[in-house]
Every structure is written in C-alpha cells, then in structure tokens.
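Thanks for coming. I will walk through one model this morning, starting at a single residue and working outwards. Please have the sequence and the structure open.

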Amino acid sequence: MANKKKVIVTGFEPFGGHAVNSSWVAVQELEKLGLGEAVDLHVCEVPVEYQAVQDLLPSLWKEPQPQLVVHVGVSGLATTVTLEQCGHNKGYKRLDNCSFCPASQCCMDSGPDCIQSVLDMETVCKTVNGSDLGVTLSVSKDAGRYLCDYTYYTSLYLGHGHSAFIHVPPLGKPYSSQDLGRALQAAVQEMLKILELDPEHNKHCNHEHHHHHHQHDHV
C-alpha cells in the first residue's frame, strides 16, 4: 500500500466566554471517527496565544510534510459550519489569553495582505451540503482577525496554501459534538479528494502558487 497521507487537524483551547471550546471538542470527535485507512490523522489543541501559534506552527509543517493541515475554531456568531477561504496578515488588535497582541498587529512583516487556500471552499461546501449529513456548511472570506485568522494566515504561509480553516458554532447552537465531528470528517475527506483529483493542487505547484500570492493581496 502507498504511504499513508498525513493530515493534521487542530482545535483551540477555551478563551473569553467559551468555557468549553467546541472546536477542540469537535476535533476530538473527528479523531474517534478517523479519516479512513489511508490517512494518518494527528490532532492537537492550540493555545489562544499569538506567540504560542508562532512557535507551534512551524513544527506542524516539518517533515514529513502533511498533505493538509486543517485548523478548527469556534465562532459565537456562526450558526453553520463555516469554511474559510483565506487568511489575513494585518489587523490583529485583540488581546489573547496572555493579554498580548503583536506590536506590528500583523502575522508576517513581509507577507502579502491575504493568502488564499489552494482549496476552493465553495466546491467543498456544495458537495458536503449535497450529501445527507444533516449539518449545513457555508463559506466565508473573513476569519475574524483574532487567533483563528492569525493561525490560518500563518499556516497558509508556511504550507503554501495547503491549509484549511473551519469555524464551528458553540455546542448545541444548533449542533452536538457528534454532529460537528461528522461535519469535519465529511469536509476534510472532500478536501483530500480535491487535492488528489486536481493536479493544479499537487505539491509541485507550491513554488508557482507562492509567486501568485500577490494577485490576492486585495481580496
């Protein structure tokens, strides 16, 4: 059998009004379900701290390089499972769990304003919504300029776009942890299918894709 695909999925620790962070609960449910025999799934909980994200993310992208890194976060405003298309570099003014925010208010000093995922989230959304999952997905282009957006941008930068971010609602608003786990499983499996089917998304395009980032600066 060919080498297993390595996929990393992260959730966040509790913060602010979220005594339980539904993103980490959902990721733990996903871990129970798995992504099938051919996928080596790793999960980890990410602190809601800018500096910790800067320290942790490079280690996630190290060799053997994952095929895909998916970050999951909670949004108190979300009522659907929301696929984020892009991450933003600037505008980080909100203080984290250590009461810290970057002095520059940005992720990467020399990075583009916005980086898109190589995955077309509209396609993922349509396919999963067309199945009988019982959970509704939607797409967003604004991950909120807090640790979610900050993490996503950093991961897109390090992984040359081979990353995804999924916002989940708080537990019970309206979905259970099991519902969220199933939705994550369906979405990530679809993302892996797209990466496999479309040669444009293959690793060899990393370099070329990197040069095209500037086209997305003003999204």
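Let us start with His 18, which sits in the loop between strand E1 (5-12) and helix H1 (22-33). One thing to keep in mind from here on is that this is a predicted model. Is His 18 buried or exposed? Its relative accessibility is 18%, and the cut-off for buried is under 20%, so His 18 counts as buried. Leaving aside residues up to four places away in sequence, His 18 touches Val 74, Gly 76 and Pro 170.

Two of those contacts lead to the next topic, the largest pocket. The volume of the largest pocket is about 370 Å³. Which residues are closest to its centre? They are Val 74, Ser 75, Gly 76, Ala 143 and His 167, out of 21 residues that line the pocket. Val 74 and Gly 76 are thus named twice: as contacts of His 18, and among the residues closest to the pocket centre. Two elements give two or more residues to the lining, namely strand E4 (81-84) and helix H4 (147-158). Sorted by class, the lining holds ten nonpolar residues, eight polar ones and three charged ones.

Now to E4 itself. In a regular strand, side chains alternate between the two faces of the sheet. In E4, Val 81 and Leu 83 point one way, while Thr 82 and Glu 84 point the other way. All four of these residues are buried.

E4 has a partner in strand E7 (residues 137-140), and the two pair in the parallel sense over four bridges. One pair to look at there is Glu 84 with its bridge partner Ser 140 in E7. E4 is also joined to strand E8 (residues 163-168), this time by three bridges, and these two strands run antiparallel. Opposite Thr 82 in E8 stands His 167. His 167 has come up already, as one of the residues closest to the centre of the largest pocket.

Next, some backbone details. Most residues other than glycine have a negative phi, and most peptide bonds are trans. Here are some exceptions.

Where are the cis peptide bonds? One joins Glu 63 and Pro 64, with omega about -10°. Pro 64 belongs to the loop between helix H2 (50-60) and strand E3 (68-74). Another joins Lys 173 and Pro 174, with omega about 5°. Pro 174 is in the loop that runs between E8 and helix H5 (177-197).

Then there is positive phi. Gln 105 is not a glycine, yet its phi is near 55°. The loop that holds Gln 105 lies between strand E5 (86-88) and strand E6 (114-116). With 30% relative accessibility, Gln 105 counts as partly exposed. Arg 145, also not a glycine, has a positive phi of about 55°. Its loop is the one between E7 and H4. Arg 145 has a relative accessible area of 29%, so it is partly exposed.

Last, confidence. The mean pLDDT of the protein chain is 91, and 89% of its residues reach 70 or more. Over residues 202-219, however, the pLDDT is below 50. Beyond near neighbours in sequence, that stretch has 26 contacts in the model.

To go back to the start: His 18 is buried, and it touches Val 74 and Gly 76, which are among the residues closest to the centre of the largest pocket. That is the end of the tour.

Terms used:
Residues numbered from 1 in each chain as written. Predicted model: local features only at pLDDT ≥ 70, side-chain atom pairs only at ≥ 80, totals over all residues. Heavy atoms only, no water. 1 Å grid on protein atoms, 1.4 Å probe; cavity = no way out; pocket = protein on both sides within 12 Å on 5 of 7 lines; lining within 4 Å. Points joined across faces, edges and corners; volume = space filled by probe spheres on them. Nonpolar A, V, L, I, M, F, W, Y, C, P; charged D, E, K, R; others polar. Buried < 20%, exposed > 50% of the residue type's maximum accessible area, 1.4 Å probe, protein only. Pairing = 2+ DSSP bridges. pLDDT = per-residue confidence, 0-100. Contact = heavy atoms within 4.5 Å.
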